[in-house]
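Colleague: Please take a close look at one part of this model, the aromatic rings, and lead me through it slowly, explaining each term as you use it.

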Amino acid sequence: NEGGLEIELPSLIRNKKSKLIFFDFDGVIVDSFRICYESMLEVEPSSLTEHQYREYFNGNIYDVEGMDDDGADITEDPFWPIYVKRLMKQSPVDGIGEILDFVSKRATLVIISSTTNAPIRDYLVKYKFDRYFKKIYGAEVHKSKHEKIKMALKEFKSSPGDSIIITDTLGDMREAAKEGVASIGVEGGFQYRASLERGSPRAIAKSTQELQKALTTWLQGND
């Protein structure tokens, strides 16, 4: 248990599947761009435009100047209570539950996110998605998604070639690529298609139907 901070979801039992699918949370499971943007402005009013905020996700959000207070407890950031209140009122992306049910029978699923663990866990439980995921790798585990990917590959005894990340940001694709993990992009989240294309994903889905098709193709190719 590296770092000792990952949250296990107790309703699940590990299996021996070697295929590993990383799901980003914000923008993939729940459409939360506006929630995050408006919550950030409420904490620190600024002239930051939506476009500028989206550009932050070309890399790791915690690498953006002013977004990471070194040495501070990330869970104590005043952003989170505002974000959580809004998050829990937001419905999941339409059709995502059916996709999770489908792929969880064929691969091991984990959440990888820059959001803290607790709100992710509470949201998954609220919508009964917790049964699909083996683990949450949130902000407390490590701020680098590359490092969290390495942790998960080791823990679940998978290889980069048997793994893929589902994400709505170029930054995630870049961090996954450092470890040789492919990606599937999702439109409608934090970044637009033009940004996602720069990450050379296997596919970019503009609907949950397209996402299921892309995942099915990947699963069949990795049998």
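Modeller: I will begin with the whole protein, turn to the ring pairs, and end with the helix where some of the rings sit.

The structure is a predicted model, in which local features need pLDDT of at least 70, side-chain atom pairs count only at pLDDT 80 or more, and totals for chains, interfaces and linings use all residues. Residues are numbered from 1 along each chain as its sequence is written, and side-chain values use heavy atoms, with hydrogens and water left out.

The average pLDDT of the protein (the predictor's confidence in each residue, from 0 to 100) is 90, and 88% of the residues score at least 70. Residues 1-16 are a stretch where the pLDDT is below 50, although beyond near neighbours in sequence this stretch has 41 contacts (heavy atoms within 4.5 Å) in the model. The protein has 223 residues, of which 51% are buried (under 20% relative accessible area, with exposed over 50% and partly exposed in between, for a 1.4 Å probe and protein chains only). Its secondary structure comes to 9 helices and 7 strands, which are DSSP runs numbered from the N terminus (helices H or I, at least four residues; strands E, at least two). Among contacts between residues at least 6 apart in sequence, 72% join residues at least 24 apart.

With that background, how many aromatic pairs does a search of the whole structure find? The search finds 15, where rings of Phe, Tyr and Trp (its six-membered ring) pair if their centres lie within 6.5 Å, and planes under 30 degrees apart are stacked, over 60 edge-to-face and the rest tilted. One of them joins Y53 and F57, whose centres are 5.3 Å apart and whose planes stand at 90 degrees, so the pair is edge-to-face. Y53 counts as buried because its relative accessibility is 5%, and F57 counts as buried too, because its value is 12%.

Another pair, between Y123 and Y127, has 4.8 Å from centre to centre and 45 degrees between the planes, which makes it tilted. Y123 is buried, with a relative accessible area of 0%, whereas Y127, at 24% relative accessibility, counts as partly exposed.

Y53 and F57 also belong to a wider group, because ring pairs link F33, Y37, Y53, Y56, F57 and F190 into a cluster. Within this cluster, F33 has a charged neighbour as well: the charged end of R54 sits over the ring of F33, 3.7 Å from the ring centre (NZ of Lys or CZ of Arg within 6 Å of the centre and within 35 degrees of the ring normal). A lysine has a similar place elsewhere, since K143 lies over the face of Y62, at 5.8 Å from the ring centre.

Two rings of the cluster, F33 and Y37, lead us to a helix. They are among the buried residues of helix α1, which spans residues 33-43, and the others buried there are I35, C36, S39 and M40. An α-helix has 3.6 residues a turn, so residues three or four places apart point the same way. What, then, covers the buried residues of α1? The cover includes α2, at residues 50-55, and α3, at residues 79-87.
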